[in-house]
Amino acid sequence: MATVKQKILVLSGKGGVGKSTFSAQLAFALAAMDFQVGLLDIDICGLEGQEIHQSNIGWSPVYVESNLGVMSIGFMLPNPDEAVIWRGPRKNGLIKQFLKEVYWGELDFLVVDAPPGTSDEHISIVQFLQATGIDGAVIVTTPQQVSLIGVRKEVSFCKKVGVEVLGVVENMSGLSQPLTEFKFMRMTEAVFDSSGGGAAKMCGDMGVPFLGKVPPDPQLCKAAEEGRSCFSDD
C-alpha cells in the first residue's frame, strides 16, 4: 500500500443500490483522466471470469486498460454458480492478503468496493489500512427511506472508526429518457418515492456532503452489463 497515493472506500447501507456499478465507473472515470487506478473488489459476490496470476513479487491485478487494474475475490472462486460460505476469519484473511500481497505498482487511486452494510469486512479493511491511511469513503444509496436508514448507519460507522465521508451519491434517482420530439434533450422522471427529501436531506441532517444524483440511464446500464466505461458513449 506504500505505492498507493489515495485510497477510497465505496460503501452502501444495503445491497442492490448500484454500489459495484458506481465503483467500476468511478475507476473508469479516473483512468480516463490519465491517473493510474486500481479497483479492489472485496465483495464476496463480486467480479468473476478472470484468473489471478502470481509472480515472485506478488499477485498481479487483471488489467482492463493500460492504467486500470482490477483484483477481485470472485477471481479466486472455482465455480461462480456455487454459494460461497466463508466464516469471518477466512474472509478477513483474504482481504489482508489482497492488501499486502497484490503488486499494484505506483497508483494514484485505489477504489475499494466493499460489501453492503457494516460487516466484519468493513472493520477489517479499516483496521488493515490504518497504518497507511484511508482518504475517505463514498456512500451510495437510492432515494427510498429503507435505503437511507442503512446509509445513516454507514455514516455513523465511518464517524466512529475515523473515516472521512467524502460524500453521498443518490443512485437510481429518476429515469432518464429522451423526449420524443427532441432526441437531443432528455427528461428525468421519478421512479422511487423521495418525498422525504431523499439523500440530500439526509446529508443535511447528518452534516456530510451530498455529491449528486445518478439516474438509471439505459446507456449506463448497458455499459455496466458489458463491463466498460459509460463515458465512452455520447
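In this predicted model, K201 and D205 both belong to helix α5, which covers residues 198–206, and they stand four residues apart, about one turn of the helix. K201 forms a salt bridge with D205, and the closest N and O atoms of the pair are 3.0 Å apart. Side chains of opposite charge can pair when their charged atoms come close. K201 has a relative accessibility of 45% and therefore counts as partly exposed, and D205, at 47% relative accessibility, counts as partly exposed too. The pair does not stand alone, since R152, K201 and D205 are linked in a network of salt bridges.

How many salt bridges does the count come to? The count comes to six, and three of the pairs are set out below with the distance from N to O.

| Salt bridge | N to O distance |
|---|---|
| D113 and K19 | 2.6 Å |
| K222 and E226 | 2.8 Å |
| K201 and D205 | 3.0 Å |

Which parts of the chain does the pair of D113 and K19 tie together? D113 lies in strand β7, residues 107–113, while K19 lies in helix α1, residues 19–32, so the salt bridge joins parts that are 94 residues apart in sequence. Both D113 and K19 are buried. In the pair of K222 and E226, whose side chains meet in a salt bridge, K222 counts as partly exposed because its relative accessibility is 41%, and E226 is likewise partly exposed, with a relative accessible area of 44%.

The wider setting of these pairs is a protein chain with six helices and twelve strands. Of its 234 residues, 44% count as buried. Among the contacts in the chain with a separation of 6 or more, 77% are between residues 24 or more positions apart.

Two of the helices, α3 (residues 120–129) and α4 (residues 145–161), have axes that come within 12 Å and cross at roughly 30°. Angles under 35 degrees count as roughly parallel, and α3 and α4 are therefore roughly parallel to each other. The crossing in which α3 passes α4 is right-handed. On the side of α3 the contact is made by H122, I123 and V126, and on the side of α4 by E154, F157 and V161. Sorted by class, the residues of this contact are four nonpolar, one polar and one charged.

Helix α3 can also be approached from N92, a residue of helix α2, which spans residues 88–101. The C-alpha atoms of N92 and H122 are separated by 9.6 Å, although the two residues are 30 residues apart along the chain. Leaving aside its neighbours within four places in sequence, N92 is in contact with D120, E121, S124 and F128. Is N92 buried or exposed? With a relative accessible area of 16%, N92 is buried, because buried means under 20%.

A second asparagine, N67, sits in the loop between strand β5 (62–65) and strand β6 (68–72). N67 counts as buried, since its relative accessibility is 10%. With which residues is N67 in contact, once its neighbours within four places in sequence are left aside? The contacts of N67 are then with A31, D34, F35, Q36 and V37.

Key
Residues are numbered from 1 along each chain as its sequence is written. This is a predicted model: local features need pLDDT of at least 70, side-chain atom pairs count only at pLDDT 80 or more; totals for chains, interfaces and linings use all residues. Side-chain values use heavy atoms; hydrogens and water are left out. Axes are lines fitted to C-alpha atoms, for helices over the stretch in contact, and angles run from 0 to 180 degrees between N-to-C directions. Angles under 35 degrees count as roughly parallel, over 145 as roughly antiparallel, 65 to 115 as roughly perpendicular and the rest as oblique. A crossing is left-handed if the near helix is turned anticlockwise from the far one by less than a right angle, and right-handed if clockwise. Contact means heavy atoms within 4.5 Å. Ala, Val, Leu, Ile, Met, Phe, Trp, Tyr, Cys and Pro count as nonpolar, Asp, Glu, Lys and Arg as charged, and the others, Gly among them, as polar. A salt bridge is a side-chain nitrogen of Lys or Arg within 4 Å of a carboxyl oxygen of Asp or Glu. Buried means under 20% relative accessible area, exposed over 50%, partly exposed in between (1.4 Å probe, protein chains only).
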